[in-house]
Amino acid sequence: MKQYLLAVHHAYDAPPMSDEEMQKAFAQVDRVNTELRSAGIWVFGGGLLPPDSATVVRVEGGNTTMTDGPFAETKEQLGGFWVIRCADLDEALAWAEKCSRACMGPVEVRPFEDEPEG
Amino acid sequence: MLGGMDLESIYRAEYGRCVATLARLLGDVSLAEEAVQDAFAVALQKWGVPPPNPGAWIVTTARNRAIDRLRRESTREARHAQALLLRQPDEPREVGPVRDDQLRLIFTCCHPALAPLAQTALTLRLLGGLEVPEIARAYLVPEATIAQRIVRAKKKIRDAAIPYRVPDAAELPARLPPVLTVLYLIFNEGYTSTAGALVRTGLCQEAVRLARELADLMPDEPEVLGLLALLVLIEARRPARVGPAGELVTLAEQDRSLWNREQIAEGHALVRRCLRRNRPGPYQIQAAINAVHTDGSATDWAQVLALYDQLFAHSPTPVVALNRAVAVAEVHGPETALASLDGIDLPGYHLLPATRADLLARLGRTAEARATYDEAITLAGNDAERTFLRNRRSDLD
């Protein structure tokens, strides 16, 4: 089994969704989450607050600095994610398709490094 | 020692099949490739006359070599692969599994998670057995670029766990088109090379060979048959397409006695087989257009136009619209055709101004035609096409 990150990229400069659309997306994501859990695929997932709520912590040469805002100043930022466990990329891509449809945004699929042998 | 030609033809015919089988046995494409290369190196040393079933010999030798190699290594992947191998001792080389192996490898090489150039390079390398320098020469890119693409693609197959399997019926509509596109692009790159000489025969033949194998493996997919028919019908006209000085000869001016009769008959038979299934798709329609072009002594343009209308309904792309305009000119005259070019947006594509220039010339609008030929000449990618356009332009004087 492999673990994959399904990352939802959100364009924060685009006009925001209407309340109605937002409710629709929430309901759809909820349904996908239920489906992921009952299929035994779900590891973890959640939506993130906007990037202006982010803080970056950096330790360099023993000094810690904290800066306001997201790490990269790009328009596209991580809006939420799932971590899933499944057999192979095709399975992960099929789930990503469902997730993308539900949250109405593009989803990037990235494999985790294999866990070290215990 | 074995003659070079024998080994060369055995290599061409068996390489992809052997890699495909070893990939299943080892669970890893890179290990499979190394093992098959090892086995061919052994064959070069050992074969006096080739064994009756050279493919089976290569698979067995490759498998044993892989076990030796894996025993010497102690990485996790090696242990995993060795475990896989030992679970399948001396599996007989049955026809069924081998055919599935080949299909699995085709779908893995053309997986949509890989970039188009990587899909093409991997297909030529693993299924066609072409060496990296050959692929680099064919695509006129540095060897290092191709080598890097192949390494990266194989790494992604392993890291992202791209599965080694044939898509099921429900997935096939999404997964088959990229495979057909890769084979079509390999052929097209050989046929109208983007730079330099006009035709690189090797790529065309390799694409036809792979399409033939695919049609053999998936005889119930009409678009697979359609692609094979299309490639065979274009390939059949290749001897007539380039003149003695390497110049381009248009369809209307081609010496039809130079066409390959056998390939044309094969192409027509394939098109008829497709028509009976009545599940048309873009490759089948393009094959049908080429069947009309190669039927009898002259083209039935009304039929070609009807097929282009059908093709445009399926794939409303600017390139299809441009090709349709050529048929419009033959059926309804250059004036109507010229009007149909309005709104076609193909920046940098030399055949758009080339077609427009031809229509302007036919309408006697010589000055405009001349300027439009100049535009096409600047954009043309290879010498034969440039020469052809220059000749057309000077015919206006």
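**Helix 8, the nonpolar core and the chain contact**

Just after helix 8 of chain B, B:Ala161 adopts a positive phi of about 60°. This value, like those that follow, is taken from a predicted model. Helix 8 of chain B itself covers residues 143-159, and its geometry can be checked with simple arithmetic. At 1.5 Å a residue, its 17 residues should span 24 Å, and the end C-alpha atoms are indeed 24 Å apart, so expectation and model agree.

The two sides of this helix are worth a look in turn. Buried positions in helix 8 of chain B are B:Ile146, B:Arg149, B:Ile150, B:Ala153, B:Lys154 and B:Ile157. Because these residues cover an arc of only 125° around the axis, they sit on the same side of helix 8 of chain B. The other side of helix 8 of chain B carries the exposed residues B:Ala144, B:Val151 and B:Lys155.

Attention now turns to the nonpolar interior. The largest nonpolar core holds 126 residues, and B:Leu22, B:Val36 and B:Leu183 have the most contacts inside it. Helix 11 of chain B (residues 222-236) gives the largest share of this core, with 11 residues. Both domain 1 (178-295) and domain 2 (347-397) of chain B contribute residues to this core, so the core lies between them. Taken over C-alpha atoms, the centres of domain 1 of chain B and domain 2 of chain B are 26 Å apart.

For B:Leu22, the partners can be listed in full. Once neighbours within four places in sequence are left aside, B:Leu22 is in contact with B:Ala32, B:Ala35, B:Val36, B:Val59, B:Ala62, B:Arg63 and B:Ala66. One of these partners, B:Val36, is also named among the residues with the most contacts inside the largest nonpolar core.

Another residue to follow is B:Pro54, which is found in helix 3 (residues 54-72) of chain B. B:Pro54 has 20 C-beta neighbours inside 10 Å and therefore counts as buried. Again leaving aside neighbours within four places in sequence, B:Pro54 is in contact with B:Ile10 and B:Glu14. Between B:Pro54 and B:Glu131, which are 77 residues apart along the chain, the C-alpha separation is 21 Å.

Finally, the two chains meet. Six residues from chain A and seven residues from chain B make up the contact. On the side of chain A that touches chain B, four residues are charged, two are nonpolar and none is polar.

How values were computed. Residues numbered from 1 in each chain as written. Chains lettered and ligands numbered in written order. Predicted model: local features only at pLDDT ≥ 70, side-chain atom pairs only at ≥ 80, totals over all residues. Contact = placed C-beta atoms within 7 Å. Nonpolar A, V, L, I, M, F, W, Y, C, P; charged D, E, K, R; others polar. Domains from an automatic or database assignment. Helix = DSSP H or I, 4+ residues; strand = E, 2+ residues; numbered from the N terminus. Expected span 1.5 Å × (residues − 1). Buried ≥ 20, exposed ≤ 12 C-beta atoms within 10 Å, placed from the backbone. Arc of directions from axis to C-beta. Core = buried A, V, L, I, M, F, W, Y, C linked by C-beta atoms within 7 Å.
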